[in-house]
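Q: Please take a close look at a single part of this structure and describe it in its surroundings.

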Amino acid sequence: MCVQPTFLIGTYHEDGSSNFAPITWVSATCEGQEYLLVVSMFGTKKTKQNVIREKALTVNLVSTDMLHLVDYFGSPEKDRMKKTYDYEKSEFVYAPVLDASRWVYECEVVSSVKTGDSDTFFCRIKNIQIDESIDVGDTFEIDLTKFDPVIYSGQYHSLGKHLGKIGDFLE
């Protein structure tokens with residue numbers, strides 16, 4: 001199992017409605033002097049189809065106070081539950097930004113690679129939103145405990161503690 005931070009990927013459906021999906025297959029690479037986010041998605045998810053069509057997405061870092069949204073967006077029953085959440089339009093790409101996330105990458109897809117049923121998207125970062133209450137200083141000295149990110153390894157964890165399993169936070 002790969003241990004990875006948890007993100008909610010934001011896209012728009014064809015009708016313009018917002019869409020968020022939990023994805024943990026997110027990493028980074030370099031292209032010359034520029035960082036690219038690398039986002040992989042398996043299967044035929046609507047989110048993946050939206051990224052292929054629009055070539056745009058937001059990558060919203062999940063903190064522990066957002067676990068109810070991860071379980072909601074990941075639930076096949078979400079259409080029946082109709083949970084409310086706040087989001088805004090990205091100024092830089094055609095994708096929604098989740099208000100609850102304190103760290104958001106706004107990205108455009110520059111290339112992709114298909115491997116079996118997975119697609120891996122290499123994404124140029126057009127903008128990064130980081131909550132102003134958190135001093136990031138030198139980007140290699142960020143205190144991640146202030147973000148309280150969710151780490152996924154088959155179950156949810158944060159820095160230093162086990163939080164629960166998928167579905168434990170459905171309301």
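The answer below follows one strand and what lies around it.

Q: Which residues of S6 point one way and which the other, and where does S6 stand among its partner strands?

A: This is a predicted model, in which local features need pLDDT of at least 70 and side-chain atom pairs count only at pLDDT 80 or more, while totals for chains, interfaces and linings use all residues. Residues are numbered from 1 along each chain as its sequence is written, and side-chain values use heavy atoms, with hydrogens and water left out.

Strand S6 covers residues 56-61; helices (H or I, at least four residues) and strands (E, at least two) are DSSP runs, numbered from the N terminus. Because 6 of the 6 residues of S6 are buried, this strand is largely enclosed by the rest of the structure. Buried here means under 20% relative accessible area, exposed over 50%, and partly exposed in between, with a 1.4 Å probe and protein chains only. In a regular strand the side chains alternate between the two faces of the sheet. In S6, Ala 56, Thr 58 and Asn 60 point one way, whereas Leu 57, Val 59 and Leu 61 point the other way.

S6 belongs to an open sheet of 7 strands with antiparallel pairing, in the order S3-S2-S6-S9-S10-S5-S4. At the edges of this sheet are S3 and strand S4 (26-31), each of which pairs on one side only. From one strand to the next, the twist averages 35 degrees. Two strands pair if DSSP finds at least two bridges between them. S6 is joined to strand S2 (residues 7-12) by 4 bridges, and the two run antiparallel; here Val 59 is the bridge partner of Ile 9. With strand S9 (residues 103-115), S6 pairs in the antiparallel sense over 5 bridges, and Asn 60 stands opposite Val 104. Beyond S2, the pairing continues to S3, again antiparallel, over 6 bridges. Ile 9 stands opposite Ala 21 in S3.

Helix H1 (residues 46-54) has Thr 47, Lys 48, Asn 50 and Val 51 among its buried residues. They cover an arc of only 160 degrees around the axis, which puts them on the same side of H1; the arc is that of the directions from the helix axis to the C-beta atoms. The cover over the buried residues of H1 includes S6, together with S2, strand S3 (18-23), strand S5 (34-42), S9 and S10. Contact means heavy atoms within 4.5 Å. After H1 comes Lys 55, whose phi is positive, near 55 degrees.

A second helix, H2 (residues 67-74), lies across S2 and S3 and runs at about 105 degrees to S3. Axes are lines fitted to C-alpha atoms, for helices over the stretch in contact, and angles run from 0 to 180 degrees between N-to-C directions.

Elsewhere in the sheet, strand S10 (residues 118-130) holds Thr 120. Thr 120 counts as buried because its relative accessibility is 17%. Its side chain makes a polar contact with the side chain of Ser 40 at 2.7 Å. A polar contact is a pair of N or O atoms within 3.5 Å; within protein, one must be able to donate a hydrogen and the other to accept it, and residues adjacent in sequence count only if both atoms are side-chain atoms. Leaving aside neighbours within four places in sequence, Thr 120 is in contact with Val 38, Val 39, Ser 40, Ser 111, Ser 112 and Val 113.
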